[in-house]
Structures are given as structure tokens and as C-alpha cells.
Amino acid sequence: METIVGIDLGTTNSTITAIDENGKTHFIKNSFGEYITPSAVYFNDDKSVLIGKRAKEKSNTDPDNLVMYVKREMGKQKEKVREDRTEGTFHPYIFGNRVFSPEEISAFILRQLKSDAEKELGHPVKKAVITCPAYFGDAEKNATKLAGKYADLDVLEIIPEPTAAALSYSAVSKKNETLLVFDLGGGTFDVTIMKTSDSNEGRKVEMLATDGNHRLGGIDWDGMIIDFMFDRFNKRFNIDLDYEPEKELAKTYGKLRIEVEKAKVALFKENVESVPLAIEYGGKKHVEEISRSLYAAKTEKLTSSCKTYCMNTLNAAGLNWSDIDTVLMIGNMSNCETIQTELKKWSGKEIQFGIINPKTCVSEGAAIKGFLLEGGDRVKKLLRVDKDTAAFDQTKEITERVQKLDEQGERTDTKFDRNEIKSGVLPSAIGIKVLKKDGSDFYKKLLEKNSPYPESQTKTYPLFKDGDFNLVVLEGDSDIITECKKLGSINVILDGKMKKGDKLSITLSIDNNGILQVEAQNTELGIHLKSKISRENDVPDEDVKKIIEENEEFFLG
């Protein structure tokens, strides 16, 4: 069995973990000797591309050629990304007179992670399991898989991040329990309820319900503090920075964002009650002391919204907090004490923290899933990671400590039941557009929200008129079509075999990746059409090859 890698393709940071033929997991370091790589891409004029820390550093010198938070745009048409809802405009990723899609940008990050793994392992890496937020829909999952193709990876599966975290956790904790996975990353948030248990064949993992927001994450908490600092600067110097030159303002904003991140790291270290934070513009400087209580107050609204998603998910699963055995907190914001404190209040539970590393457990779980898909069953992961390694930052000392643990640390020997690792549940209902007798549109759900997948449902309908028709597939929980997202459509060609009133069966199937396929059939008339829906962002195979060749002109600097 060849080495499989698991990749956590995050909004702000990404990680990669390998698992060898013996089931032993290995954290992969980048060129800086760190396990966490910022999900930042910077385009130089010479077609070299910087990834990670060096790219992120460009935010305060050349933000125009830097891409961050691309994960929030996954699944969108490349001309319709970075929407300014106030102005109703979009800001495509244009570099070197070429428009890049979010998948192409993400592929550069994946290429870097792949390269880092190959250097450390000493052999090519071909196969990967990539994670995504649990509430990612069909379009976003397709885009994630396409990004893997662009990076020359054979993507075995796209799995939800909480499922990956639960696999990592389940290899350590041998309990039969109900987990609430609170995954607050740098740019996205989801809360997922899962069950872990034992069968005769090994450990089982099953997702029960999920909810989340792809525009709620650590960068939004940072944004609240940035807004506060801008406001304090404006009042002190009687300057409205919003009306200053855009390019200079972008540099100031980029520099402040980095400083806010550093302040957040420092603030939530042990025995630290406050940290100084400075903003500079036009030769003027303002310093503000940021205390834990101030941080909590300025971000209270965001923290409270997390509680709403928790309650929604509990209700969807038919559970209460008392039914939850373990609260597992993961993601880049997991060290934020103000959020930990509130989560403990809501749940009445202690949070499991430090048993698995909240920053690397997702890529580790993805590697475990890849290992199981390739026929493995016994996993040997580190029994425990030093709690210090869960810190926001990664010092050289911590990195060296983890490497020593990775080489010599005590490991589990956990057997998984490959047939009982349920990938996930649908974050939203999926259905089709049908017509009432009066000809008005109606959304008919075939697959309900929180249905486990793989899953398939069939419904039979009479034709509204003679001849061929266009079958529209929708995603959403509202009964109103205009409030739902169009996933795509299929031209159903009947070749004159069916007329108005004849019945046609429609089947919607979700595979292990959570990706949709559609069938239309009438067995009596010999009609059986099976088709992948024509999505807005579909890329033909010949174009995929062309894009891969074009991207190879850009080299990793």
C-alpha cells in the first residue's frame, strides 16, 4: 500500500498528514519546519508563486497580488467572487492578464503541501483525502475535488472536517459516546453531532446532524478588533481612514490584521490579561491595550451566533445538551478562552482539549480515512500530543517536541470498521423543480437535510407536456424556489417515447463525497438516463488538462 495523505484545506491555514502502509501517522512540516501553512497565495511578476508564510507577509506591502481566504469563494463562478454586496460588484482573481478560479488558487496551496510531503517522505505522493466544512454543498465539494485534480492529486474522497476530527479522536478515545464537534476555524464554522462506538469489526463513526456558516470564523473576530482600532484612531486624530487612498489603506489594513493575529496569540497565553496593539498611518500611531474582557465584549455578537448553530444542530438531531457525552473543540480559534468559557456555559460540559491537536487532527483524520479506503484497518497514531502544541503559534521548540513525539512517542493500535465509517450528512435538502397543474413552479425535496450519505431517493411524476424537457436540480431548505440554490440541470431527451401524463421516475443519488448524480427512467418504455448534472462551474476534462498545463507555467517560489 502506498502512502496516503490527508489534507485540511483551510480558510486561513492548511495542514497535511501522511499515513504509511503500517498505519502510522506522520505530521508533515513545511519549508519553515512548521506543521501549519497559511492558506495564502502571492503572485510575482515573474510567474513565481509564494505560498504560506512568505505570501502572507506581503499583506502589508503588496496586498493587490495576494489571495487569502479563497475557501470562502469555492463553488462560485470565477467572474463572481469577492462580492461587494453594498456596491453589487465582484472582484475576480486577475493576475498576469488571466482570471483564476477559486479552485485554481486552491490548487497552488495543494501543490505546495504535496511538495512538502514529497520532500519529507522522500517519494512521490499521488493519493489524498481532502476535507471540507460539513455544511459545504454540492458545488463547493465539486470545486474542492477539482482543486485536487489541478494539483495532480488522485482525490480518493472529500470528507467533512468534523468526520475527520472524530476519526482522529476515536483512535484515542475507545468510548462509545455522542460527540458535539465545535469546529471554529479561521474562516468557517460548523457544529456537528456524531456517534463513535465499537462493533465486532472495530471502531465506528457516524454523523447525525450538522449546521454552520461559511462566513463565520477567526477572521471575523479579528475584523471586530480591527474595526475597533480604526475607530479609536479616527477619533484620536480626527481622520476617517475609510476615505484615505485605497492602496495605502489596504497596506495599513493588512499590517494591522497581522498585528491583531499576533495580539490574539499573546492574549490567550497563560497568565496574560492584556496586550498592547498599535495602528499606524500617515506618520501617526495609536496604541491600545486589549484586555480579555475587551476582546470578549467586542466579539460577543459573533460568539453568541455560535450558540444558535449549536442549538439548531441539537434540535435537528432530536437531542439536548444532556445527551452529549463529549464536546470536542477544534479549529484555529479553539484556543480562544472567551469562546471556551461561553461554550462551557451553554453545554454544562468540560471541553475535550489536548487529547488531540485541534490544528492537525483534521488532516490526520483525513489520512486515516484514506488508509481505510485503500484497505487498511489498524491505525497507529500518537497517543497524546503535548497541550502546548495546540497553541495559536508554532515555535521551533514546540515543532521539535512534536517531531520527537512523532518518532518516539507512544502510539495507539486502533482497528476501525471500514464499512461503518459514515462520511457525513447533507447540510441542506436537495430536490427538483416540478410544475403544478396550473403551470407554476414548485420545489420538491427528494433528499432531506441531515440525510446520511451515500444515499439515494426515487420519486415518480407524470410529464407536464409532450416531448423533451429540462430537469432543474435545486439545493435548499425553503419551499420557495427563489430562496434555493440552483445546482444545475439535465436535458432529458425522450426521443418521442413519452407524452403528457406518462410517468417518469427521477432518482437523486449522493456518493461518498457528498456529490450528486441524477437518473431518469421508465422501465416499461425502455428509458434509462443516468447523467451528472450540468453545473454552472463544470469544467470539461480537456479544459482540466489545459488548466493544469497553464498552471505549471507558474512555479512555486
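Which residues touch the most other members of the largest nonpolar core? I will answer that and then move outward. Keep in mind that this is a predicted model.

The largest nonpolar core holds 44 residues, and those touching the most other members are Leu180, Phe182, Trp221, Ile290, Tyr295 and Trp321. Helix α5, residues 218-237, gives this core its largest share, 7 residues. Apart from this core there is another one, of 41 residues, including Ile28, Ala117, Cys132 and Ile158.

Take tryptophan 221 from that list. If we set aside neighbours within four places in sequence, tryptophan 221 is in contact with Leu184, Leu216, Tyr295, Thr299, Leu302, Thr303, Cys306, Met333 and Ile339.

Now the whole protein. Its secondary structure amounts to 12 helices and 32 strands. The radius of gyration is 24 Å, close to the 24 Å from the globule rule for 557 residues, so the protein is as compact as a globular protein of that length. Of the 557 residues, 56% are buried. For contacts between residues at least 6 apart in sequence, 70% join residues at least 24 apart. The exposed area is about 24,400 Å², with carbon and sulfur atoms supplying 44% of it.

Last, one piece of sheet, around strand β22, residues 430-435. β22 pairs with β23, residues 441-447, in the antiparallel sense over 6 bridges, and valine 434 stands opposite phenylalanine 442 there. The hairpin has 5 residues between these strands, and glycine 439 takes a positive phi near 90 degrees. β22 also pairs with β26, residues 469-475, again antiparallel, over 3 bridges. In that pairing isoleucine 432 stands opposite valine 473.

Terms used: Residues numbered from 1 in each chain as written. Predicted model: local features only at pLDDT ≥ 70, side-chain atom pairs only at ≥ 80, totals over all residues. Heavy atoms only, no water. Pairing = 2+ DSSP bridges. Helix = DSSP H or I, 4+ residues; strand = E, 2+ residues; numbered from the N terminus. Core = buried A, V, L, I, M, F, W, Y, C linked by side-chain atoms within 4.5 Å. Buried < 20%, exposed > 50% of the residue type's maximum accessible area, 1.4 Å probe, protein only. Contact = heavy atoms within 4.5 Å. Rg over C-alpha atoms; globule rule 2.2 N^0.38 Å. Areas by Shrake-Rupley, 256 points an atom, 1.4 Å probe, with all protein chains shown as cover.
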